[in-house]
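Me: I would like a close look at a single part of this model, followed outward to whatever it touches. Please keep it to one connected account.

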Amino acid sequence: MAKFSGLSKEVGHGQRGKVGVLLLNLGTPDAPTASAVRRYLAEFLADPRVVEIPKLVWMMILHGIILRVRPAKSAALYQKVWTAAGSPLMDISLRQTAKLADKLNADNHDVSVHLAMRYGSPSVASTLQTMHQNGIDKIVVLPLYPQYAAPTTGSAFDAIAAELSKWRYIPSLHFINTYHDNADFINALASSITADFEAHGKPQKLVLSYHGMPERNLHLGDPYYCFCMKTTRLVTEKLGLGKDEFVMTFQSRFGKAKWLQPYTDATLKALPQQGVRDIAIVCPAFSADCLETLEEIVGENGHLFAEAGGEKFRYIAALNDDDAHITMMANLVKPHF
Ligand SMILES: C=CC1=C(C)c2cc3[nH]c(cc4nc(cc5[nH]c(cc1n2)c(C)c5CCC(=O)O)C(CCC(=O)O)=C4C)c(C)c3C=C
Ligand SMILES: [Fe+2]
Ligand SMILES: [Fe+2]
């Protein structure tokens, strides 16, 4: 494609180009079917940032076992959360994109906001190409992962770099790598928890469940665990919770290796035996509700807690397209225009 032929016309040498915000999230299958989930998982799980074991061994396991078994199982779970608007992650991400554009334009910023998904569509490459075709010469990238992790944020950067490595003219670029301790983020999270407590009463314990990661990644220097700890500390301090009023856990374990602990499912099974039968659970690593929150937490873990003797279980929704979340995004990107 004639990607660079119109550069001087679109951007103008010596002339200031347009600003574009690029929101990035993980991505989701196109449909809740085994074949669509297989396509999605094949791309996701082949990413060396996600599974860090020798490539040849992993490709044999991935194609020989996992992609034969998991797609049908995962598709059945996706069917439980799929709505008329499609996958919740996609639906919410599109609403976040539109609302952020409205917010920035209402604040008199002449910027466009674009959405890319790391796996599936809209791809990072196609979105960057569209931004280029629209004359955007300055890009502010906001990966919607509050806590930096190499498998998520690092991989988002790789995808951007892979596309830009094919371009002759590299636009001005700002990459926001983490916002786990950003004041707007902490306040938005604390407000959503307070609203739940006010509506339904303060639970015996607040469970803060983060997406897991192999423990090995922590020892190799990934800051994700420490960033989750900091989010937890800041939010619980803001809420004035004592040490025995909350617990931080990790969910969504994949494979047989040891992942970050304590595990969410084991914790929820154990809590009723410790006399804790009334909990609220929040997932601060997810900027949008998705399979991992709506099915794994509300469905599977809610069930485990009830089976173990739990009586009250409330899930506090992700920040999604809440005004406070959109304001947080605007405040994160604006200083880089
Ligand atoms: C295989 C290793 C995985 C690592 C490491 C990992 C890290 C990680 N993931 C998120 C956010 C999301 N993950 C989601 C789904 C999902 N995650 C994995 C595996 C790893 N994640 C798999 C195999 C899946 C697919 C679902 C399944 O088949 O079980 C999602 C939801 C996607 C959706 O369509 O709704 C999100 C979001 C974070 C923040 C993270 C950080 C370390
Ligand atoms: Fe994941
Ligand atoms: Fe899961």
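The part in question is helix H7, and the reply below starts there and works outward.

Reply: This is a predicted model, in which local features need pLDDT of at least 70 and side-chain atom pairs count only at pLDDT 80 or more, while totals for chains, interfaces and linings use all residues. Residues are numbered from 1 along each chain as its sequence is written, and chains are lettered from A and ligands numbered from 1 in the order in which they are written.

Helix H7 runs over residues 183-200 and has 18 residues. Helices and strands here are DSSP runs numbered from the N terminus (helices are H or I, at least four residues; strands are E, at least two). From its first C-alpha to its last, H7 reaches 26 Å, close to the expected 26 Å; the expected span is 1.5 Å times one less than the number of residues.

Which residues of H7 are buried? They are Phe185, Ile186, Ala188, Leu189, Ser192 and Ile193. A residue is buried if 20 or more other C-beta atoms lie within 10 Å of its own, exposed if 12 or fewer, and partly exposed in between, with C-beta atoms placed from the backbone. An α-helix has 3.6 residues a turn, so residues three or four places apart point the same way.

The buried residues of H7 pack against strands S5 (205-211), S7 (278-282) and S8 (312-316), and against helices H9 (224-239) and H12 (323-333). Contact is judged on C-beta atoms placed from the backbone, which must lie within 7 Å.

After H7 comes Gly201, with a positive phi near 90°. Gln204 then sits in the loop between H7 and S5. Gln204 counts as partly exposed because it has 16 C-beta neighbours inside 10 Å. Setting aside residues up to four places away in sequence, Gln204 touches Val276, Arg277, Asp278 and Ile279. Ile279 is 75 residues from Gln204 along the chain, yet their C-alpha atoms are separated by 5.8 Å.

Ile279 leads on to the interior. The largest nonpolar core has 82 residues, and Ile279 is one of those with the most contacts inside it, along with Val21, Leu22, Leu23, Leu142, Ile281 and Val282. Such a core is a set of buried Ala, Val, Leu, Ile, Met, Phe, Trp, Tyr and Cys residues joined through C-beta atoms within 7 Å. This core lies between domain 1 (34-81) and domain 2 (183-316), because both give residues to it. Domain bounds come from an automatic or database domain assignment. Within the core, Leu23 is in contact with Leu142 and, among others, Leu100, Val113 and Leu144, leaving aside neighbours within four places in sequence.

The centres of domain 1 and domain 2, taken over C-alpha atoms, are 26 Å apart. Their contact takes four residues from each of domain 1 and domain 2. On the domain 1 side there are three nonpolar residues, no polar ones and one charged. Here Ala, Val, Leu, Ile, Met, Phe, Trp, Tyr, Cys and Pro count as nonpolar, Asp, Glu, Lys and Arg as charged, and the others, Gly among them, as polar.

Both domains also supply the surroundings of ligand 1, with at least three shell residues from each of domain 1 and domain 2. There are 22 residues around ligand 1, and Thr28, Ser74, His211, Cys290 and Leu291 come nearest. A residue is near a molecule or strand if its C-beta atom, placed from the backbone, lies within 6 Å of it. The shell divides into 14 nonpolar, six polar and two charged residues. Helices H3 (55-81), H6 (150-164) and H11 (291-307) each give at least two residues to it.

Finally, the S8 and H12 elements that H7 packs against are joined by a loop that holds Asn320. Phi of Asn320 is positive, near 45°, although Asn320 is not glycine. Most residues other than glycine have a negative phi, and most peptide bonds are trans. Asn320 counts as partly exposed because it has 19 C-beta neighbours inside 10 Å.

Note on methods: Two residues are in contact if their C-beta atoms, placed from the backbone, lie within 7 Å.
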